[in-house]
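Work through the exercises below with the sequence and the coordinates open. Try each task before reading its solution.

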Amino acid sequence: MTPLPTPSQTIGPYFGYALPHPGGGQIAPTGHPDTITVRGRVLDGHGEPVDDALLEFWQPAPDGSRAGAPGSLRRDPVGGAAIGRDGVAFTGFGRVATGADGSYVLRTLPPGGAPYLSVCVMARGLLQHLFTRVYLGEADDPLLSSLDARRRATLVAERERAGVHRFDVRLQGDGAHEETVFLAFG
Amino acid sequence: MSVSGMSVSEGPEPYRGALWRQPVNPLVVVDDPEAVELTGPVFGSADVTDLDGDLTRQRPGAPLGERITLTGRVLDRAGCPVRGQLIEIWQANAAGRYAHRRDQHHAPLDPHFTGAGRCLTDDQGRYRFTTIRPGAYPWGDHSNAWRPAHIHFSLFGAAFTQRLVTQMYFPGDPLLPLDPILQSVGDDAARQRLVAAYDPELSTPDWALGYRWDIVLGGPSATRTEGGRR
């Protein structure tokens with residue numbers, strides 16, 4: 001018999017001492033010349049910043065590998081403290097809590113074989129996490145091509161300057177701005 | 001005790017979340033066999049030390065409260081064990097206070113308890129934590145609202161689609177039918193899947209009470225197909 005899934009529950013307001021870890025937004029190896037920055041804010045339906053969201057990112061390595069690697073949240077074996085990555089391995093996983101202004105910063109390498117970063121959004125007041133994607137520019141892609149232009153635009157990061165991409169997550173439209181497209185997987 | 005009989009009419013309105021944080025548009029279904037989300041991050045022994053699953057031994061002294069052992073299996077939706085994946089937990093202390101500065105509940109902090117732990121599932125998908133039973137605490141949903149004792153769980157599967165963040169409750173807690181957050185889960189059978197079972201076999205004489213809670217991750221994965229392993 002197929003087991004029934006365990007229901008999701010809100011992450012609540014108090015995850016901050018348990019889930020975020022040092023260097024969580026620094027997927028790119030230290031000093032890597034191909035490093036790109038993805039930055040933005042998480043906003044609610046009033047356009048107000050969401051200051052207690054947690055964003056997780058998952059992506060292929062630049063060579064297209066989707067195997068990932070351990071070491072995103074390394075522990076000091078002596079004291080047990082989270083010390084984060086070793087600055088060399090590319091784990092493909094990032095985790096960033098938003099700041100008081102709802103902002104986040106991710107530094108990573110461009111994904112290989114897919115034009116997007118996968119994102120999981122969690123926040124107090126969300127009953128269940130939300131999936132979306134950051135496309136690093138327009139691309140020939142089955143998801144993008146299934147959306148009308150206004151909706152599609154919510155998934156495509158804006159190029160601020162070379163190597164810096166802006167991507168806001170709008171949990172709900174605020175009248176002036178479209179709600180981000182969120183995803184379900186069959 | 002089961003939680004059956006909990007009905008919405010007995011308690012307050014189910015929690016609907018923060019109104020302005022809920023998307024209005026339906027989710028867009030991705031049915032792409034090449035989707036990156038069908039794979040997921042991996043964690044290993046560098047990320048988790050053997051002591052991380054024991055929340056009672058992270059400080060010089062022992063925390064106050066009822067010591068418990070919490071174990072179970074993590075399965076995917078095909079019923080196969082989820083192996084070597086990361087589980088993180090966080091919780092209030094025995095007095096019902098989180099080690100978080102936004103928690104201003106008038107209950108004492110415990111200098112010997114942080115309330116965060118993690119472990120990796122083994123080859124059978126099993127996990128194990130030693131901790132203390134958290135206390136109930138008040139919150140602002142409605143007048144005199146109290147959260148039942150619960151432990152927050154964060155889980156990764158073989159695919160990013162299987163990501164799960166949820167809360168585990170304790171059997172027989174009189175606050176269960178009154179909790180808008182538990183009641184936000186639509187049906188009683190699903191709510192029961194969030195309640196652990198007391199298991200005398202898991203209790204350690206003169207040391208700890210044992211609870212069992214199995215977890216099933218929904219969501220598709222690239223590592224399995226209908227016929228078995230890819």
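The exercises deal with a contact between two chains, salt bridges, strand pairing and two loop residues.

This is a predicted model, in which local features need pLDDT of at least 70 and side-chain atom pairs count only at pLDDT 80 or more, while totals for chains, interfaces and linings use all residues. Residues are numbered from 1 along each chain as its sequence is written, chains are lettered from A and ligands numbered from 1 in the order in which they are written, and side-chain values use heavy atoms, with hydrogens and water left out.

**Exercise 1. Describe the interface of chain B and chain A by its residues, its buried area and its polar pairs.**

Step 1. Collect the residues in contact, that is, with heavy atoms within 4.5 Å. Chain B gives 73 residues and chain A gives 71 residues.

Step 2. Take the buried area, which is the accessible area (1.4 Å probe) that two parts lose on being put together, summed over both. For chain B and chain A this comes to about 6200 Å², with 59% of it on carbon and sulfur atoms.

Step 3. Search for polar contacts: pairs of N or O atoms within 3.5 Å where, within protein, one can donate a hydrogen and the other accept it, and where residues adjacent in sequence count only if both atoms are side-chain atoms. Across the interface of chain B and chain A, 36 residue pairs qualify, both residues being at pLDDT 80 or more.

Step 4. Assign the chain B side to elements, with helices (H or I, at least four residues) and strands (E, at least two) taken as DSSP runs numbered from the N terminus. Elements of chain B that give two or more residues to the side touching chain A include strand S1 (28-30), strand S3 (86-91), strand S4 (116-120) and helix H1 (180-183).

Step 5. Sort that side of chain B by residue class, counting Ala, Val, Leu, Ile, Met, Phe, Trp, Tyr, Cys and Pro as nonpolar, Asp, Glu, Lys and Arg as charged, and the others, Gly among them, as polar. The side of chain B that touches chain A has 38 nonpolar, 19 polar and 16 charged residues.

**Exercise 2. Find the salt bridges and place the network that includes Asp51(A) and Asp52(A).**

Step 1. Apply the rule: a side-chain nitrogen of Lys or Arg within 4 Å of a carboxyl oxygen of Asp or Glu. The whole structure has 22 salt bridges over all chains, and the count between chain B and chain A is six. One salt bridge joins Glu37(B) to Arg133(A) at 2.8 Å, N to O.

Step 2. Start from Asp51(A), whose side chain meets that of Arg102(B) at 3.5 Å, N to O. This pair crosses between chains, from the loop between S1 and strand S2 (53-58) of chain A to the loop between S3 and S4 of chain B.

Step 3. Classify by relative accessible area: buried is under 20%, exposed is over 50%, and partly exposed is in between (1.4 Å probe, protein chains only). Asp51(A) is partly exposed because its value is 28%, and Arg102(B) is partly exposed at 43%.

Step 4. Move to Asp52(A), which forms a salt bridge with Arg124(A) at 2.8 Å, N to O. These two residues are 72 residues apart in the chain. Asp52(A) is buried because its relative accessibility is 5%, whereas Arg124(A), at 31%, is partly exposed.

Step 5. Join the pairs. Asp51(A), Asp52(A), Arg124(A), Arg21(B) and Arg102(B) are linked in a network of salt bridges.

**Exercise 3. Which way do the strands run in the pairings of S1(B), S2(B) and S10(B)?**

Step 1. Pairing requires at least two DSSP bridges between two strands. S1(B) is joined to strand S10 (residues 183-185) of chain A by three bridges, and the two run parallel. In this pairing Val30(B) has Phe185(A) opposite.

Step 2. S2(B) and strand S11 (residues 209-212) of chain B also run parallel, with four bridges. Thr69(B) has Gly210(B) as its bridge partner.

Step 3. Strand S10 (residues 197-198) of chain B and S11(B) run antiparallel, with two bridges. Tyr198(B) stands opposite Tyr211(B).

**Exercise 4. Are Glu34(B) and Thr161(B) buried or exposed?**

Step 1. Glu34(B) lies in the loop between S1 and strand S2 (67-76) of chain B. Glu34(B) counts as exposed because its relative accessibility is 53%. Leaving aside neighbours within four places in sequence, Glu34(B) is in contact with Arg66(A) and Tyr116(A).

Step 2. Thr161(B) lies in the loop between S8 and S9 of chain B. Thr161(B) is buried because its relative accessible area is 8%. Beyond four places in sequence, its contacts include Phe131(A), Phe185(A) and Glu37(B).
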